[in-house]
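Student: Got a minute to walk through this one with me? I'd like the sheet, the aromatic rings and the pocket.

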Amino acid sequence: MRITPQIRQATVADAEKLAELAARTFYDAFNNMNTPENMEAYMSKAFTVEHLTAELSDARATFLLAETAEANGAIAGYAKLLADEIPACITGQNPIELVRLYVDKQYLGSVVGNDLMQASLDEARSLGYRSIYLGVWEHNHRAQSFYFRWNFRVAGNHIFQMGSDAQMDWLMERDL
C-alpha cells in the first residue's frame with residue numbers, strides 16, 4: 001500500500017495531538033541510548049501540551065504535520081522550523097533552523113520523512129530563507145544518513161543537554 005501523506009501547517013488546535021506524537025517519536029528514537037531519568041527530565045518539559053502550545057504560538061516557528069488517510073488523518077510525522085539565533089559555525093546565507101523532523105515508527109522507511117523534508121525546504125524558501133541547518137546527535141546514525149542524502153554537510157557541533165547528560169550534536173547545513 002502506498003502511503004500518501006498530506007502536509008499542512010499546524011495550529012494551536014493541534015497542540016494535544018502534537019504533544020503526544022512528539023513525546024512518542026522522541027522516546028522511540030532515543031530511549032534505548034539514554035537513561036530513564038535523563039529521558040524523563042527532558043521530555044517532561046519539552047513535550048507538554050502547554051509547552052507545545054507556546055511553541056505553536058511563537059511567530060518565529062512553523063510546524064508542519066504529515067497526516068495520512070491510511071491512519072484516518074492521524075499525524076504520521078512532523079517538522080519544526082525556527083528563525084532564531086544562528087550558531088557561529090553556520091555560514092549559509094539567511095539561514096533557518098530545522099529544529100525537529102520526526103516520523104512515527106510505523107512510517108519509518110516510507111515517504112513520510114522525505115515528504116516532510118521536502119515540505120520543510122519548500123516552506124523555508126517561501127519564507128525567504130537561503131539556507132537551512134539542523135542539529136543531530138553524534139550517535140544518531142540513521143538520521144545522519146537521511147540528512148546526508150538530502151545534501152546537508154557537517155558545519156560544527158554543539159551541546160544538547162539531555163537531563164544530566166551533555167550530548168554532542170553535529171550542526172549540519174545546506175543551501176536552499
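Tutor: Sure, we'll take those topics in turn. Keep in mind that this is a predicted model.

Student: Sheet to start. What order do the strands come in?

Tutor: The order is β1-β2-β3-β4-β5-β7-β6. That is seven strands in an open sheet, and the pairing is mixed.

Student: Which strands stand at the edges?

Tutor: β1 (5-9) and β6 (153-162). Each has a single partner strand, so one side of each has no neighbour in the sheet.

Student: And the twist, what does it average?

Tutor: 30° from one strand to the next.

Student: How do β5 and β7 pair, and over how many bridges?

Tutor: They run antiparallel, with seven bridges between strand β5 (residues 131-137) and strand β7 (residues 165-175). For a register point, look at I132, which sits opposite R174 in β7.

Student: Rings next. How many aromatic pairs does the count come to?

Tutor: The count is 13 aromatic pairs. Take Y78 and Y102 as one of them: the ring centres are 6.0 Å apart and the planes are at 20°.

Student: Why is that pair called stacked?

Tutor: Planes under 30 degrees apart count as stacked, and Y78 and Y102 are at 20°, so the pair is stacked. The pair also links distant parts of the chain, with Y78 in strand β3 (residues 74-82) and Y102 in strand β4, 24 residues apart.

Student: Are those two buried or exposed?

Tutor: Y78 is buried, at a relative accessible area of 0%. Y102 is buried as well, at 16%, because the cut-off for buried is under 20%.

Student: What about F146 and Y147, what angle do their planes make?

Tutor: 65°, with the centres 5.6 Å apart, so that pair is edge-to-face. F146 counts as buried at 13% relative accessibility, and Y147 counts as buried at 8%.

Student: Which residues form the aromatic cluster?

Tutor: F26, F30, Y42, F47, Y78, Y102, W137 and F160 form one cluster.

Student: Switching to the pocket. How much space lies in the largest one?

Tutor: About 1,100 Å³. It has 42 lining residues, and F30, L101, Y102, N140 and Y147 are the closest to its centre.

Student: Which strand gives the most to that lining?

Tutor: Strand β4 (residues 95-103), with seven residues.

Student: And how does the lining split by class?

Tutor: The lining of the largest pocket has 22 nonpolar, 11 polar and nine charged residues.

Methods. Residues numbered from 1 in each chain as written. Predicted model: local features only at pLDDT ≥ 70, side-chain atom pairs only at ≥ 80, totals over all residues. Heavy atoms only, no water. 1 Å grid on protein atoms, 1.4 Å probe; cavity = no way out; pocket = protein on both sides within 12 Å on 5 of 7 lines; lining within 4 Å. Points joined across faces, edges and corners; volume = space filled by probe spheres on them. Helix = DSSP H or I, 4+ residues; strand = E, 2+ residues; numbered from the N terminus. Nonpolar A, V, L, I, M, F, W, Y, C, P; charged D, E, K, R; others polar. Phe/Tyr/Trp six-rings, centres within 6.5 Å; stacked < 30°, edge-to-face > 60°. Buried < 20%, exposed > 50% of the residue type's maximum accessible area, 1.4 Å probe, protein only. Pairing = 2+ DSSP bridges. Axes fitted to C-alpha atoms, helices over the stretch in contact; angles between N-to-C directions.
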